[in-house]
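I open this notebook to keep track of what I looked up, one entry at a time. The entries go from the whole chain to its sheet, then to single residues and rings.

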Amino acid sequence: MSDHQDTLEALNRQGPLTDKLKSLHDVLNKRFEFINRVAVAIYDPKTDELKTFIHSSAEANPLAQYQAKLSEARSLQEIRESGKPRVVNDLTVFAKGAHEHTHRIAAQGYGASYTVPMYFNGDFFGFVFFNSYRRDVFDEEVLRILDMFAHLISLVVVGELTSLRTLISTVHAARNFANLRDTETGSHLERMSRYARIVAKELAPKYGFDDEYIERVFLFSPMHDIGKIGIPDSVLLKAGLLDAGEREVMKTHSEKGRQLIDGMLRDFGLESFQYLNILRNIAEYHHETLDGEGYPHGLRGTDIPIESRIVAVADVFDALTSHRPYKEAWNMDDAFEELRRLAGRKLDPDCVEALIKNRAQLEEIRDRFQESSFS
């Protein structure tokens, strides 16, 4: 009988993708101790943004909460277009590079890098990066092994994220079939999820959010009102103001949302995925308010999960600045004033200020994802 242990057994266990990447890095270091950092960045084709996601370096991450337009990073764009990996055995060749990510990597002292593009069913998904403090370390023997690890990392990351995106797409399809688009248009969901990401990214230093958490907030935000699927049309689609009884029926959508999510996670076999409490919290608690007058449980202050507070601000801001049949869109200054009026009483003041201080990004998102008859 052999006493050999599976060196990749950690991939079978529950845990964040960051932990799985670190386990793979540990195995890789047993062969090549000079691999000092493994990192993954994922791509958002709707905005052309490449976003840091997970990394395995023990030291401070030089690219935490970083994103950039891929089209503006010429060398990475070339990798995407060619579909081939890139070896740079001496990173000083980028010493005069204009991009922030180039300067951050150089400041950390890395000497060499290997970059591998990730694909899923032929579609570009992002990059896997291998970095070393030493130069001239990536020879053919090393690269053959790194190629295998890169594809393994890609399979682990893409597998989990595509499962979650399939779940989210299924929810969106169900809503469309149920004729609920007038309450939650596709454009609204695109905007508010990106607003939520801005807030989470801005608050990362204070709350210790990593890139994986921020991406989950972004992915799960569009499911905040999933429970409205269970609200009768007579209430949900009513043109005028709801009466007291109808408002109580509408309020049940938060708990219905949590129930629907728990059921779907069981049906999709996703219950073991990490960070799913973020999804549950967003659906169930995004209408709670700091003063305890929200619903469904009347939570107060920091008893409300932070991701729920983030989504609440993003949702209110988009509601204020969007046209509805019963109101015109507010301009951004008036919306900011209203958010500040609600801060500390209904909305989390940290979340409000985190949103407001990123006006340029808000305007870009608003303009990119405008309402249309096809939203």
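Before placing any residue, I note that helices here are DSSP runs of at least four residues, numbered from the N terminus. With that in hand, I looked up glutamate 160 and found it in helix H4, which covers residues 140-177. I also note at the outset that I am reading a predicted model.

**Entry: the whole chain**

I looked up the overall make-up and found 14 helices and six strands in the protein chain. Of the 375 residues, 52% are buried, and the chain exposes about 17900 Å², of which carbon and sulfur atoms supply 51%. I then turned to contacts with a separation of 6 or more, and 66% of them are between residues 24 or more positions apart.

**Entry: the sheet**

In what order do the strands of the open sheet lie? I read the order of the six strands as E3-E2-E1-E6-E5-E4, with antiparallel pairing. The edge strands are E3 (67-69) and E4 (86-88), each of which pairs on one side only. Neighbouring strands of this sheet are turned against each other by 25° on average, with direction ignored.

I spent longer on strand E1, residues 37-44, where eight of the eight residues are buried. In a regular strand, side chains alternate between the two faces of the sheet. Looking at the faces of E1, I found Arg37, Ala39, Ala41 and Tyr43 on one side and Val38, Val40, Ile42 and Asp44 on the other, all of them buried, and both faces are therefore covered.

Next I followed the partners of E1. Six bridges pair E1 in the antiparallel sense with strand E6 (residues 123-132), and valine 38 stands opposite phenylalanine 130 there. Strand E2 (residues 49-55) also runs antiparallel to E1 and is joined to E1 by six bridges, with alanine 39 standing opposite histidine 55. The hairpin of E1 and E2 has four residues between the strands, and in this hairpin aspartate 48 takes a positive phi near 65°. Further along, E2 pairs with E3 in the antiparallel sense over three bridges, and leucine 50 of E2 stands opposite alanine 68 in E3. I also noted that helix H6 (residues 211-220) lies across E1 and E2, running at about 130° to E2.

**Entry: glutamate 160**

Is glutamate 160 buried or exposed? Its relative accessibility is 6%, so glutamate 160 counts as buried, the limit being under 20%. Its side chain forms a polar contact of 2.7 Å with the side chain of arginine 216. Leaving aside neighbours within four places in sequence, I found glutamate 160 in contact with Leu17, Lys20, Arg216 and Phe273.

**Entry: arginine 309**

I placed arginine 309 in helix H11 (residues 306-320), and with a relative accessible area of 9% arginine 309 is buried. Its side chain reaches the backbone oxygen of isoleucine 304 at 2.8 Å. Not counting residues up to four places away in sequence, arginine 309 touches several others, among them Tyr207, Leu290, Asp348 and Cys351.

**Entry: threonine 289**

Threonine 289 is found in the loop between helix H10 (276-285) and H11, and at 14% relative accessibility threonine 289 counts as buried. Its side chain makes a polar contact of 2.6 Å with the side chain of aspartate 291, and a polar atom of the threonine 289 side chain lies 3.0 Å from the backbone nitrogen of glycine 294. How far apart in space are threonine 289 and lysine 346? I read 4.6 Å from C-alpha to C-alpha, although the two are 57 residues apart in sequence.

**Entry: aromatic rings**

A search of the whole structure finds 12 aromatic pairs. In one of these, the rings of phenylalanine 32 and phenylalanine 34 have centres 5.6 Å apart and planes at 45°, so I entered the pair as tilted; both residues are buried. The rings of tyrosine 207 and phenylalanine 209 have centres 5.5 Å apart and planes at 15°, so this pair is stacked. Tyrosine 207 is partly exposed, with a relative accessible area of 30%, whereas phenylalanine 209, at 9% relative accessibility, counts as buried. Last, I recorded one aromatic cluster, formed by Tyr43, Tyr119, Phe124, Phe127 and Phe129.

Notes
Residues are numbered from 1 along each chain as its sequence is written. This is a predicted model: local features need pLDDT of at least 70, side-chain atom pairs count only at pLDDT 80 or more; totals for chains, interfaces and linings use all residues. Side-chain values use heavy atoms; hydrogens and water are left out. Helices (H or I, at least four residues) and strands (E, at least two) are DSSP runs, numbered from the N terminus. Buried means under 20% relative accessible area, exposed over 50%, partly exposed in between (1.4 Å probe, protein chains only). Contact means heavy atoms within 4.5 Å. Accessible areas come from the Shrake-Rupley method with a 1.4 Å probe; for residues, only the protein chains shown count as cover. A polar contact is a pair of N or O atoms within 3.5 Å; within protein, one must be able to donate a hydrogen and the other to accept it, and residues adjacent in sequence count only if both atoms are side-chain atoms. Two strands pair if DSSP finds at least two bridges between them. Axes are lines fitted to C-alpha atoms, for helices over the stretch in contact, and angles run from 0 to 180 degrees between N-to-C directions. Rings of Phe, Tyr and Trp (its six-membered ring) pair if their centres lie within 6.5 Å; planes under 30 degrees apart count as stacked, over 60 as edge-to-face and the rest as tilted.
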